[in-house]
Amino acid sequence: MESSTAGARCRNCGTHVTQQFARVFGDNGDVVHGCPGCTTYREMQSGGHLPTESE
C-alpha cells in the first residue's frame with residue numbers, strides 16, 4: 001500500500017496535488033488517479049477517473 005505522501009501526486013500524470021484534494025478525489029487510500037491537469041472535473045466527481053477492481 002502507498003503512503004499518504006505518495007498520494008500527493010497524480011498517478012496518471014505526476015502532478016502534485018494537496019492532501020485535501022487526495023482525500024476528496026482519491027480512492028479509498030487517498031491515491032489520486034486523475035487530477036485537473038489530466039482529467040475533467042465531471043470525471044472526478046462521478047468517479048470515472050478511478051480504476052475498476054479488474055484493472
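Which helix holds both Phe 21 and Phe 25, and how many residues apart are they? Both lie in helix α1, which spans residues 19-25. They sit 4 residues apart, about one turn of the helix. The model is a predicted one.

## Overall make-up

The protein has 2 helices and 0 strands. It comprises 55 residues, of which 29% count as buried.

Contacts between residues at least 6 apart in sequence were also examined. Of these, 19% join residues at least 24 apart. The exposed area of the protein is about 3,900 Å². Carbon and sulfur atoms supply 46% of that area.

## The aromatic pair

The structure contains 1 aromatic pair. Its members are Phe 21 and Phe 25. The ring centres are 4.8 Å apart, and the planes meet at 40°. Why is the pair tilted? An angle of 40° is neither under 30 degrees, as for stacked rings, nor over 60, as for edge-to-face rings, so the pair counts as tilted.

Both Phe 21 and Phe 25 are buried.

## The nonpolar core

Which residues make up the largest nonpolar core? There are 8: Cys 10, Val 17, Phe 21, Ala 22, Phe 25, Val 32, Cys 35 and Met 44. Helix α1 gives the most to this core, with 3 residues. Both rings of the aromatic pair, Phe 21 and Phe 25, thus belong to residues of the core.

In soluble globular proteins, nonpolar side chains tend to be buried together.

Definitions and conventions
Residues are numbered from 1 along each chain as its sequence is written. This is a predicted model: local features need pLDDT of at least 70, side-chain atom pairs count only at pLDDT 80 or more; totals for chains, interfaces and linings use all residues. Side-chain values use heavy atoms; hydrogens and water are left out. Rings of Phe, Tyr and Trp (its six-membered ring) pair if their centres lie within 6.5 Å; planes under 30 degrees apart count as stacked, over 60 as edge-to-face and the rest as tilted. Buried means under 20% relative accessible area, exposed over 50%, partly exposed in between (1.4 Å probe, protein chains only). A nonpolar core is a set of buried Ala, Val, Leu, Ile, Met, Phe, Trp, Tyr and Cys residues joined through side-chain atoms within 4.5 Å. Contact means heavy atoms within 4.5 Å. Accessible areas come from the Shrake-Rupley method with a 1.4 Å probe; for residues, only the protein chains shown count as cover.
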